Amino acid sequence: MFSWFLKVGALLAKFTESTIVPLVKVKCGDLSDVENYRAIMISNAITKVLESVVLDKLTSSSYVDEYQFGFKAKHSTGLCTNVLKCMIDYYTERGSYVFCSFVDFSKAFDRVNYWKLFNKLLDDNVAYDVVKLLSFWYSNQSVSVRWQNTQSHLAFKIVPDKALFYHPFSSHVTFVRYCLI
C-alpha cells in the first residue's frame with residue numbers, strides 16, 4: 001500500500017486526518033495563558049507507520065553533518081552541550097578567546113515556507129516520489145481540535161514530522177563548520 005502511495009504521490013483521506021489535543025503544562029498555572037499549553041497531534045496508527053517509512057527514506061537519502069544534534073539518532077542536547085564545553089575548555093586553556101552565537105529556532109518551524117523546503121529536499125537528492133507524497137500530504141491535511149467534549153475542524157497545514165525542518169539549514173551547518181572562524 002505504501003509503495004502505491006509513493007507511486008501515485010497521493011494518500012487516502014484517512015491518512016491526512018489528525019486531531020490536535022491541547023495539554024496543560026502546569027495545572028496550577030494560568031489556564032488562560034496559551035503558553036501554558038502544548039499540543040499533541042493524534043493520527044491513526046497506520047499513518048504513524050507511514051511517517052516512519054517516509055522519515056527513513058528522508059534520512060537515508062540525505063547528508064547529515066556530524067555536528068548536527070537535532071533529529072538524529074543517539075544525539076541529544078546534553079551531548080551537544082558537552083561538545084561545546086570541551087571546545088571552550090580547549091581554546092581557553094590555550095589563551096584564546098571564545099565567542100559563541102546561539103539561535104533559537106523554537107518558533108521557526110511554524111514559519112517555514114514548505115514549498116521552498118520541498119525544493120530543498122529535491123536539491124538534497126531526496127527521491128522525487130517522496131517529495132511529491134510529502135507535498136500532497138501537506139496540501140491535503142484535515143485537522144480538527146478537540147477541547148474537552150467539543151471537536152472543531154480547521155483548515156491549516158501541518159507537515160507530518162519535524163525532522164523535515166533540518167533540511168533548510170543543512171548547508172548552513174556545513175558552511176559554518178568549514179568557515180575557519
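**Figure 1. Span of helix H3 in the predicted model**. Helix H3 comprises 17 residues, from residue 77 to residue 93. Because a helix is expected to rise 1.5 Å a residue, a span of 24 Å should result, and the end C-alpha atoms of H3 agree with this, being 24 Å apart. Just after H3, Gly 95 adopts a positive phi of about 85 degrees.

**Figure 2. Nonpolar patch on the surface of the predicted model**. Six side chains are labelled: Met 1, Trp 4, Val 8, Leu 12, Ile 46 and Val 49 make a nonpolar surface patch of about 540 Å². Two helices, H1 (2-8) and H2 (45-60), each supply at least two residues of this patch.

**Figure 3. Trp 4 in helix H1**. Trp 4 is one of the residues that make the nonpolar patch, and its position in the chain falls within helix H1. The relative accessibility of Trp 4 is 46%, and therefore the residue counts as partly exposed; the exposed class begins over 50%.

**Figure 4. Overall arrangement of the protein chain**. Six helices and four strands form the secondary structure. Read from the N terminus, the order of elements is α-β-β-α-α-α-α-β-β-α. The protein chain has 181 residues, of which 28% are buried. Of the contacts between residues at least 6 apart in sequence, 58% join residues at least 24 apart. The protein chain exposes about 12,400 Å², with 59% of this area supplied by carbon and sulfur atoms.

Notes
Residues are numbered from 1 along each chain as its sequence is written. This is a predicted model: local features need pLDDT of at least 70, side-chain atom pairs count only at pLDDT 80 or more; totals for chains, interfaces and linings use all residues. Side-chain values use heavy atoms; hydrogens and water are left out. Patches are made of residues with over 30% relative accessible area and no salt bridge: like charges are joined within 9 Å, nonpolar side chains (Val, Leu, Ile, Met, Phe, Trp, Tyr) within 5 Å. Accessible areas come from the Shrake-Rupley method with a 1.4 Å probe; for residues, only the protein chains shown count as cover. A salt bridge is a side-chain nitrogen of Lys or Arg within 4 Å of a carboxyl oxygen of Asp or Glu. Buried means under 20% relative accessible area, exposed over 50%, partly exposed in between (1.4 Å probe, protein chains only). Contact means heavy atoms within 4.5 Å. The expected span of a helix is 1.5 Å times one less than its number of residues.
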